[in-house]
Amino acid sequence: MYASHFGLREQPFGLTPDPSYFFACPSYQDALDTLLVAARNGEGFIKIVGEVGFGKTMLCRTFLARLRRDGPADGQSGGFVTAYLPNPYLDPRGLMLALAEEFGVQLDRRVDLHLLVKSLTARLEEIAASGRRALVCLDEVQAMPQTTLEAVRLLTNLETEKNKLLQLVLFGQPELEEKLRQRSTRQLLQRITFQYTLQGLSRAEAALYLQHRLIVAGHPSGDLFTDPAVRLMQRCSNGTPRLLNVLAHKSLMLAYGEGVLKIEARHAKAAASDTPAACAPAGPFAWLAMLVAR
């Protein structure tokens with residue numbers, strides 16, 4: 001709608017996790033580096049935690065894309081064979097079926113669990129024998145049933161004399177931490193060797209984030225948002241990337257409707273007031289931000 005008005009090839013603030021828009025601020029770059037180092041070291045379990053809208057799925061897709069792009073891991077001839085399971089609402093058999101399908105195991109879906117696990121293990125052994133590593137990313141793990149989490153733990157028992165047959169990366173909201181502290185999952189918690197907790201974007205990072213996405217979308221400088229607009233959007237979103245996208249998109253629409261080329265604080269304020277998940281600026285000097293937005 002407004003892309004040509006602002007000199008953009010496409011809308012820069014979509015909600016679909018597109019790795020080409022990955023913003024490598026310190027927190028997210030550290031998380032990506034943690035994933036890459038842990039995967040290449042052959043660690044069995046890796047955990048990434050972040051609030052709703054913090055970009056966990058974006059990080060996951062960027063991580064998988066990097067593994068494919070960078071090629072073989074150190075000491076491996078064929079790199080990684082990866083899988084991504086976005087649906088946490090699976091029973092143990094459903095999890096095994098999904099993994100078998102992702103790793104190319106051909107079998108009747110009515111097969112019993114014993115033969116299913118045996119076939120999956122044989123496929124993982126085949127991958128290992130070819131000099132590659134099998135890795136699966138599980139998203140929204142905080143919503144996974146406890147019995148399925150136990151099945152996830154049992155997957156780490158699949159190993160050769162020297163290496164795990166399957167590496168698992170768990171992505172989840174903070175509720176995952178509480179779930180893993182329950183007695184029934186304490187063994188799983190002990191097997192997590194690398195972990196990282198994502199943080200919201202600071203004011204400076206929010207400004208760079210907005211600029212980055214505008215440049216990726218085709219703007220020559222990414223300089224469309226005034227400083228007061230950025231400050232207000234960062235406050236109202238608490239630095240949550242998804243909410244920043246929503247507020248930025250609405251602000252661009254409002255500026256386009258006025259026929260102007262700069263996004264001012266009034267556009268950001270109107271966008272925030274129309275977004276239920278956005279909050280009013282908080283803190284002892286919140287009134288200053290509201291005055292600036294008038």
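1. Cys-137 and its surroundings. In this predicted model, Cys-137 touches a set of residues that lie further than four places from it in sequence: Cys-60, Phe-63, Leu-64, Ala-83, Tyr-84, Leu-85, Val-169 and Phe-171. Strand β3 covers residues 133–138, and strand β2 covers residues 80–85. Ala-83, Tyr-84 and Leu-85 are therefore contacts from β2. Val-169 and Phe-171 are also on the list, and β4 spans 167–172.

2. The main core. Cys-137 is also among the residues with the most contacts inside the largest nonpolar core, together with Leu-59, Phe-63, Leu-135 and Phe-225. This core has 56 residues. Helix α1, residues 26–40, gives the most to it, with 7 residues. A second core, separate from this one, has 37 residues, including Leu-99, Val-111, Ala-151 and Leu-158.

3. The sheet. How many strands form the open sheet, and in what order? There are 5, arranged β2-β3-β4-β1-β5, and their pairing is parallel. Strands of a sheet pair through backbone hydrogen bonds, which may be of the parallel or the antiparallel kind. At the edges are β2 and β5 (192–197), each of which pairs on one side only. From one strand to the next, the twist averages 15°.

4. The pairing of β2 with β3. These two strands pair in the parallel sense over 6 bridges. Two of the bridge partners can be found by name: Ala-83 is matched with Val-136 in β3, and Leu-85 with Leu-138 in β3. In a regular strand, side chains alternate between the two faces of the sheet.

5. An edge strand that is enclosed. Is β2 largely enclosed or open? Although β2 is an edge strand, 5 of its 6 residues are buried, so the rest of the structure largely encloses it. Buried here means under 20% relative accessible area.

6. Helix α1 over the sheet. Helix α1 lies across β1 (45–49), β2, β3, β4 and β5. Relative to β5, α1 runs at about 165°.

7. Helices α3 and α4. Helix α3 (residues 92–102) packs against helix α4 (residues 113–129) at an angle of about 35°, and their axes are 10 Å apart. The crossing is left-handed. On the α3 side, the contact is made by Arg-93, Met-96, Leu-97, Leu-99 and Ala-100; on the α4 side, by Leu-113, Leu-116, Val-117 and Leu-120. Of these residues 8 are nonpolar, none is polar and 1 is charged. Leu-99, a member of this contact, is also listed in the second core.

How values were computed:
Residues numbered from 1 in each chain as written. Predicted model: local features only at pLDDT ≥ 70, side-chain atom pairs only at ≥ 80, totals over all residues. Heavy atoms only, no water. Axes fitted to C-alpha atoms, helices over the stretch in contact; angles between N-to-C directions. Helix = DSSP H or I, 4+ residues; strand = E, 2+ residues; numbered from the N terminus. Left-handed = near helix turned anticlockwise from the far one by under 90°. Contact = heavy atoms within 4.5 Å. Nonpolar A, V, L, I, M, F, W, Y, C, P; charged D, E, K, R; others polar. Buried < 20%, exposed > 50% of the residue type's maximum accessible area, 1.4 Å probe, protein only. Pairing = 2+ DSSP bridges. Core = buried A, V, L, I, M, F, W, Y, C linked by side-chain atoms within 4.5 Å.
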